[in-house]
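Take a look at the chain below. Follow the text with the structure open beside it.

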Amino acid sequence: YIMLNRRHIRAKVMQVLYAQTTNSTEIDLVAQLQNSTEHMYKLYLLMTSLLIKLRERAIDYQKRSQKKYIKTQQDVNPNMRFIDNFLLQKLAEDAPLNAKLESHKIQYWEQDGEYVELIYKDLIQSDLYQSFMSSSKSSLENDVAFVVEVFREIIVSNNKLYDYFQDKNITWVDDFPVVNTFILKLFKRTTSKLKTEFFIPNLFKDKEDEVFGFKLMKTTLDNIDFYNAEIISKTKNWDKDRIAKIDFVLLQMAICEFQEFPSIPVKVTINEYIELAKDYSTPKSNVFINGVLDKIVRDYRNQKTLNKKGRGLM
């Protein structure tokens, strides 16, 4: 299972290039891109570990209930449906996942336990929880569906938790929806027989994708003056200072793909940067970027300087 597709990789390169200063060296930018991708994986581990901590919180409550001097009927015969939930148990007992949590030093919830408490209170007071705990139907499908809904309705939608992540790492603001969508898809694939490293996704599809972002960033930087001249020649009716900085970065990266990535089809490149403009730039930027890239491609084709081969010709 893959967390980062090429659009996400392009977005991360764009963010690093956009935020660079005159003092930034290539080594600095490479380190920033490396950190950005690694922090995304860390966010995945952090979100999954929160579910483990919620289950631990429930176990702790049960243990303390057993030590009461005067016990209620519920203390004597506790409802174990949440603690025994198939998916929550698998997460808690998964050795490869726990090894990753340890190696990445995911100890946020030990230090900031009030957020676990906050989510746990929201959880046990929810209709979702009450319905699950009182249901007579017990199955793997119900267990998984319950965790998916808890994650979507109670964890992801909690504004205080979102603010917490934002304070911890600014790049997590963009990573949050990507990681959460990935987790929901992963959980929905849960079966009774899970592969050994089911909860340990790959960050990249393959080695080619792993190096793609670094090559794109480095080659864009190496040729930035040439790309800027290309952009300015195609936007003569525009005041350079009025072009959004982020649009300049997106155009630089797209021209780089036209010339330095022979196997990426032109249509793919144009569509990807139009979508990034919709997500990150001004309301009309996608139309502007589409127009500029169309002109550039037309010129390259006329001059026979478009560097494409194999599947890049599609």
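What follows is a walk through the core, the rings, one helix pair and a few single residues. Keep in mind that this is a predicted model.

Start with the core. In soluble globular proteins, nonpolar side chains tend to be buried together. Here the largest nonpolar core has 98 residues. Trp109, Ile155 and Phe165 have the most contacts inside it. Which helix gives the largest share of this core? Helix α2, residues 26–66, does, with 14 residues.

Now zoom in on Phe165. Its relative accessible area is 1%, and under 20% counts as buried, so Phe165 is buried. What does Phe165 touch, leaving aside its neighbours within four places in sequence? The contacts are Leu43, Leu46, Met47, Trp109, Trp172 and Phe176.

Next, look at the aromatic rings. The whole structure holds 18 aromatic pairs. One of them joins Tyr1 and Phe198. Their ring centres lie 5.5 Å apart, and the planes make an angle of 85°. That pair is edge-to-face. It links distant parts of the chain, with the two positions 197 residues apart. Tyr1 sits in the segment before α1 (6–19). Phe198 sits in the loop between α11 (172–188) and α12. The two rings also differ in how they are covered: Tyr1 is partly exposed at 39% relative accessibility, whereas Phe198 is buried at 5%.

Phe165 and Trp172 make another pair. Their ring centres are 6.1 Å apart and their planes stand at 85°. Planes over 60 degrees apart count as edge-to-face, so this pair is edge-to-face. Trp172 is buried, with a relative accessible area of 2%. Both rings belong to a wider cluster linked by ring pairs. Its members are Tyr108, Trp109, Tyr115, Tyr162, Tyr164, Phe165, Trp172 and Phe176.

Move on to two helices. Helix α12 covers residues 207–222, and helix α14 covers residues 245–260. At what angle do they pack? The angle is about 105°, with the axes 9 Å apart. Angles of 65 to 115 degrees count as roughly perpendicular, so α12 is roughly perpendicular to α14. On the α12 side, the contact uses Phe212, Lys215, Leu216, Thr219 and Thr220. They meet Gln252, Met253, Cys256, Glu257 and Glu260 in α14. By class, this contact has four nonpolar, three polar and three charged residues.

Now go back to helix α2, where Arg57 is found. Is Arg57 buried or exposed? Its relative accessibility is 16%, so Arg57 counts as buried. Leaving aside neighbours within four places in sequence, Arg57 is in contact with Arg64, Glu117 and Tyr120.

Asn159 is a contrast. It lies in helix α10, residues 159–168. Its relative accessible area is 59%, so Asn159 is exposed. Its C-alpha atom is 16 Å from that of Gly113, which is 46 residues away along the chain.

Finish with the backbone. Most residues other than glycine have a negative phi, and most peptide bonds are trans. Lys105 has a positive phi, near 55°. Lys105 lies in the loop between α5 (95–103) and α6 (108–111). Lys105 is exposed, at 61% relative accessible area. Lys304 also has a positive phi, near 55°. Lys304 lies in the segment after α16 (285–303). Lys304 is exposed too, with a relative accessible area of 75%.

How values were computed. Residues numbered from 1 in each chain as written. Predicted model: local features only at pLDDT ≥ 70, side-chain atom pairs only at ≥ 80, totals over all residues. Heavy atoms only, no water. Axes fitted to C-alpha atoms, helices over the stretch in contact; angles between N-to-C directions. Helix = DSSP H or I, 4+ residues; strand = E, 2+ residues; numbered from the N terminus. Parallel < 35°, antiparallel > 145°, perpendicular 65-115°, else oblique. Contact = heavy atoms within 4.5 Å. Nonpolar A, V, L, I, M, F, W, Y, C, P; charged D, E, K, R; others polar. Core = buried A, V, L, I, M, F, W, Y, C linked by side-chain atoms within 4.5 Å. Buried < 20%, exposed > 50% of the residue type's maximum accessible area, 1.4 Å probe, protein only. Phe/Tyr/Trp six-rings, centres within 6.5 Å; stacked < 30°, edge-to-face > 60°.
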